[in-house]
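This report describes one protein chain, beginning with a single helix and then turning to the chain as a whole. Please keep the sequence and the structure in view while reading.

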Amino acid sequence: MPSSIPRHVPALRWGGPVAVSSVVAAALAAGLLAGAGSASAADVRIHDIQGTTRVSPLVGTQVTGVTGIVTGVRTYGSRGFWIQDPQGDENPSTSEGLFVFTSSVPTVAVGDAVSVSGTVGEYVPGGLNSGNQSLTQLSRPTVTVVSKGNPVPEAVTIDGDSVPDAYAPEGDAAAGGSINGLTLDPESYALDYYESLEGTNVRIDSSRVVGATDPYSELWVTVKPWEHRSERGGALYGSYTSQNTGRLQIQSLTPIAQQPFPKANVGDILSGGAEGPLDFNQFGGYTLTARTLGTVVDRGLEREVTERQHKNELAVATYNVENLDPSDPQDKFDALASAVVENLASPDIIALEEIQDDNGAKNDGTVGAQQTLKKFTDAIVAAGGPAYEWRSIDPVNNKDGGEPGGNIRQVFLFNPERVSFTDRTGGDATTATGVVRGASGRAELTLSPGRIDPANTAWENSRKPLAGEFTFRGRTVFVVANHFGSKGGDESLVSHHQPPNRSSEAKRLLQAQAVNAFVKDVLAVQKQADVVVLGDINDFEFSATTGALTDGGVLYPAVKSLPRDERYSYVFQGNSQVLDQILTSPGVHHFEYDSVHINAEFAEQNSDHDPQVLRFRP
């Protein structure tokens with residue numbers, strides 16, 4: 001799902017008296033500091049400020065005469081510059097680089113030798129409650145340029161040999177699982193290695209792109225090309241304990257107006273690498289802010305096309321269309337429609353997620369989505385596809401989460417030339433569908449379409465599952481379209497808590513249990529019923545959420561039928577990972593599954609999710 005947090009908007013940086021005292025108080029409470037120190041101007045160097053842990057031993061201290069060479073200047077966003085001491089202390093745990101936050105456009109230039117006075121602070125991107133690590137910096141600086149045109153200190157090369165394979169030390173239980181107070185061990189842990197280079201001039205050689213260029217002019221590379229490589233050149237995220245330590249975010253210090261940021265897809269090569277200070281930010285953690293940036297070599301990644309179903313095969317798909325509403329450009333509707341027809345081969349049933357109401361995010365009480373769906377299905381016909389019909393249930397206004405006023409919901413599209421929908425009226429936003437034994441002795445829904453357990457608190461401010469009963473070649477198929485709660489509120493992989501807190505998982509676990517219970521109800525009536533549970537599950541195939549969905553063997557995650565290097569539907573911060581899933585009941589035999597990679601790996605996207613397709617013979 002798109003982030004709800006504005007990107008690269010300058011936030012309050014922790015450096016002023018109030019902010020510094022907050023950080024110091026929090027650090028003292030966690031037992032991470034013995035107290036703010038003090039030092040004379042004569043003996044404070046950058047490595048003294050950085051210290052051997054993630055939090056400066058001098059946080060809150062006013063220091064004077066800190067010297068270094070300017071290695072990078074940022075004139076946009078969080079404005080400031082980096083300095084580096086060309087004479088290090090030879091301690092691998094202490095960085096020799098430091099960010100100086102100026103708030104206004106800096107007046108120094110790369111190569112200037114400067115003397116800086118200011119307050120030592122710990123800026124926490126996203127705020128203290130985010131769980132993020134902090135960036136050591138000087139704020140409210142007084143800067144004296146001593147000389148100009150000096151050589152920049154030689155860059156430290158970050159490569160597969162220098163970055164440890166182990167990701168992070170285990171957090172200190174006495175400090176709530178935090179690693180802030182632990183002495184850095186850069187030879188043992190990747191996060192410690194990167195932290196020991198915070199603010200330092202670093203470089204990478206030519207590297208493979210594992211996260212495409214995004215709208216904020218950044219991309220992700222790996223310095224470990226062998227590490228968990230996906231079939232198409234990404235970096236697979238396969239478990240909580242197997243991190244991709246070679247991932248590194250790349251930004252440019254050159255304003256886009258002066259030099260466009262290169263456009264890259266996953267698998268492309270950033271030839272010539274990059275060089276510049278190592279920053280830490282809210283949207284990805286450790287980031288090489290490039291003073292010099294190579295060029296992208298296009299490796300020709302193509303959008304996939306799935307096989308067309310045979311006449312006696314049912315094709316069921318799921319596709320998150322990313323907040324689609326009638327105000328979106330016709331180009332978006334046309335591109336999504338073309339993908340349905342050409343890349344997905346016109347599935348018989350499509351579960352759509354993030355269909356917004358008829359006026360999108362305008363928050364005026366509108367909940368119907370007839371205009372949105374007509375515009376989309378018309379576009380599919382224009383692209384050469386079938387005349388899909390649809391079924392859905394309008395939500396209660398602003399009760400299902402997502403963009404305020406948008407009222408996102410799941411929708412079934414189905415091709416009436418291939419499949420029929422069994423309508424059982426009475427379904428609405430607050431009434432639960434159930435399962436009964438029909439006259440034939442087989443399972444039937446009481447409401448179709450209907451919502452599963454909508455009064456359950458698990459669905460508070462979240463999309464309720466949509467259940468529908470279909471018939472294909474005389475066989476009933478039950479389909480449940482889902483859009484589970486997002487990962488909003490989870491700490492990032494670079495959190496100072498290791499392992500990071502995943503607070504959002506608790507809600508998805510309850511949601512998964514509710515859907516699992518519904519499937520068990522179906523199978524209790526008809527053991528070999530064909531049940532397909534699909535959608536944006538917002539969780540991994542190895543997660544507790546998926547485990548709860550499959551409890552009792554009533555569902556199988558079809559993505560696990562794929563080779564490991566093909567298991568992903570989303571790319572987040574350089575990790576190719578599973579969020580969208582299709583799960584099948586034991587009655588669904590001999591299926592074919594395809595994660596159709598048409599969006600997530602590309603700089604130009606129609607959605608941020610890849611659709612999934614399942615083909616089987618009921």
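What span should the 14 residues of helix α4 (residues 330–343) have at 1.5 Å a residue, and how far apart are its end C-alpha atoms? The model is a predicted one. The expected span of α4 is 20 Å, and its end C-alpha atoms lie 19 Å apart, which agrees.

Several residues of α4 are buried, among them F333, L336, A337, V340 and V341. The polar-named positions K332, S338 and N343 are listed as buried too. The buried residues of this helix pack against two strands, β14 (314–324) and β15 (349–355), and against the helix α5 (370–382). After α4 comes A345, which has a positive phi, near 60 degrees.

The whole chain contains seven helices and 30 strands. Its radius of gyration is 27 Å; because a compact globule of 618 residues would have a value near 25 Å, the chain agrees with that expectation. Of the 618 residues, 58% count as buried. Among contacts with a separation of 6 or more, 72% join residues 24 or more positions apart.

The table collects further values for the chain.

| Property of the chain | Value |
|---|---|
| Span of the C-alpha trace along the principal axes | about 90 × 50 × 45 Å |
| Accessible surface | about 23100 Å² |
| Distance between the centres of positive and negative side chains | 6 Å |

Carbon and sulfur atoms account for 49% of the accessible surface. The charged side chains comprise 47 positive and 74 negative ones.

Terms used. Residues are numbered from 1 along each chain as its sequence is written. This is a predicted model: local features need pLDDT of at least 70, side-chain atom pairs count only at pLDDT 80 or more; totals for chains, interfaces and linings use all residues. Side-chain values use heavy atoms; hydrogens and water are left out. Helices (H or I, at least four residues) and strands (E, at least two) are DSSP runs, numbered from the N terminus. The radius of gyration is taken over C-alpha atoms; the globule rule is 2.2 Å times the number of residues to the power 0.38. Buried means under 20% relative accessible area, exposed over 50%, partly exposed in between (1.4 Å probe, protein chains only). Contact means heavy atoms within 4.5 Å. Accessible areas come from the Shrake-Rupley method with a 1.4 Å probe; for residues, only the protein chains shown count as cover. Lys and Arg count as positive and Asp and Glu as negative; His and the chain ends are not counted. The place of a charge is taken as NZ of Lys, CZ of Arg, CG of Asp or CD of Glu. The expected span of a helix is 1.5 Å times one less than its number of residues.
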